[in-house]
Amino acid sequence: MAKKRRRHGYRAVYGGLYTKISIRDREKRQTMKPFNILVMQHIHSEGLEVLRQANCRITIPDRLDRETVLPLAREADAILVRTAAIDRTLIESAPNCKVVARHGAGIDQIDQKAAAERGIFVCNTPHANSNSVAEHAVGMMIALSHHMLKGDRALRQGDFDARNRYIGTELLGKTLGIIGLGNIGKRVARKCALGMEMNVIAYDPFLEDGSGLGYVRMSDSFDALMAESDIVSLHVPYVPQFHNLIDRRALSLMKPGALLINCARGGLVDEQALYELLKEGKLAAAGLDVFEHEPPIGRHPLWELDNVIVTPHMSAHTEDALIAMAVGAAEEIVRVLRNEQPLYCVNRHLFQS
């Protein structure tokens with residue numbers, strides 16, 4: 001039986017450790033002026049507790065419109081954000097802010113340059129949700145290869161004979177192509193290569209010296225990976241030059257029976273082109289957790305296809321990951337407000353020397 005977490009007298013620390021708060025620390029905290037923290041969206045209570053233990057006053061707005069958020073930003077010593085946009089206007093409305101901490105890994109919605117110009121650290125929690133997202137991506141691969149959702153729907157309609165129509169494909173020995181070999185991509189590679197005995201190849205434009213992983217072969221090019229893979233899984237961040245990285249040309253390079261998995265960012269995939277190739281049978285199936293517009297506008301054409309699995313940007317939403325992201329972001333705020341260096345600053349290179 002797992003040990004219960006002791007809460008009294010302890011504060012959570014990113015990574016699952018717990019540090020006891022001494023009586024002297026408590027007395028010091030009580031005499032310190034409280035820090036004002038703008039938490040843009042609700043986070044797990046364990047993250048809020050880290051902030052409270054550090055003598056922080058927490059404000060969570062009930063709306064994210066400008067009229068509500070900008071006055072609160074003026075009083076903020078730090079901002080903790082999940083998916084809301086932190087643009088130049090908001091940053092310039094926060095004269096006391098020292099750090100913007102992202103509840104998660106992606107930072108494309110934060111204006112890092114504007115923050116750096118004002119000496120504001122932008123931090124993230126790069127490892128907190130990597131296993132959750134990796135498991136979600138692998139789960140989509142298995143569900144699509146074994147026609148699990150099709151079988152589920154058929155059986156609920158009394159069609160037991162569907163077992164003879166939906167003939168699956170094993171992942172053993174198949175080639176998985178991973179685009180982006182960061183924290184999540186590496187976890188997917190390990191699970192698929194060592195756990196399911198797949199051949200794993202990877203392409204990462206940011207890696208110069210290979211993966212360092214004996215069970216991953218680096219592909220010579222993006223096009224070569226697309227053509228060779230039975231499954232392509234995306235794990236790169238969204239940046240403007242990657243908009244519609246997976247366009248009609250890229251999709252046309254894939255094998256007719258191939259699968260596409262996207263648990264990264266929606267703007268990476270040309271959704272209309274994907275819909276057309278799936279409908280025409282030029283691709284076998286796709287699993288998508290993210291979309292270019294979130295929530296999607298109206299009824300998306302992809303909803304019509306039974307060879308697509310879609311989920312509402314929830315691959316990082318396990319209890320474990322939500323705690324780790326909330327605590328990790330809160331710990332980064334506490335470090336900066338205590339005049340310590342953050343562990344995961346992503347905009348330090350933009351600071352003027």
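User: Are α6 and α8 parallel or oblique to each other?
Analyst: In this predicted model, α6 and α8 are oblique to each other (angles that are not under 35 degrees, over 145, or 65 to 115). The axes of helix α6 (residues 130-145) and helix α8 (residues 183-195) cross at roughly 50 degrees and come within 8 Å. Axes are lines fitted to C-alpha atoms, for helices over the stretch in contact, with angles from 0 to 180 degrees between N-to-C directions; helices are DSSP runs (H or I) of at least four residues, numbered from the N terminus.

User: Which residues of α6 and α8 make the contact?
Analyst: Among them are Val133, Ala137 and Met141 of α6, and Ile184, Val188 and Cys192 of α8. Contact means heavy atoms within 4.5 Å.

User: Changing topic, how many salt bridges does the structure hold?
Analyst: There are 16 salt bridges, each a side-chain nitrogen of Lys or Arg within 4 Å of a carboxyl oxygen of Asp or Glu. One of them joins Lys113 and Glu117 at 2.7 Å, N to O.

User: Where do Lys113 and Glu117 lie?
Analyst: Both belong to helix α5 (residues 112-117), four residues apart, and are therefore separated by about one helical turn. Lys113 and Glu117 are also linked with Arg88 and Glu92 in a network of salt bridges.

User: Is Lys113 buried or partly exposed?
Analyst: Lys113 is partly exposed, at 47% relative accessible area; buried means under 20%, exposed over 50%, and partly exposed in between, with a 1.4 Å probe and protein chains only.

User: What rules apply to the model?
Analyst: Local features need pLDDT of at least 70 and side-chain atom pairs count only at pLDDT 80 or more, while totals for chains, interfaces and linings use all residues. Residues are numbered from 1 along each chain as its sequence is written, and side-chain values use heavy atoms, leaving out hydrogens and water.

How values were computed: Helices (H or I, at least four residues) and strands (E, at least two) are DSSP runs, numbered from the N terminus.
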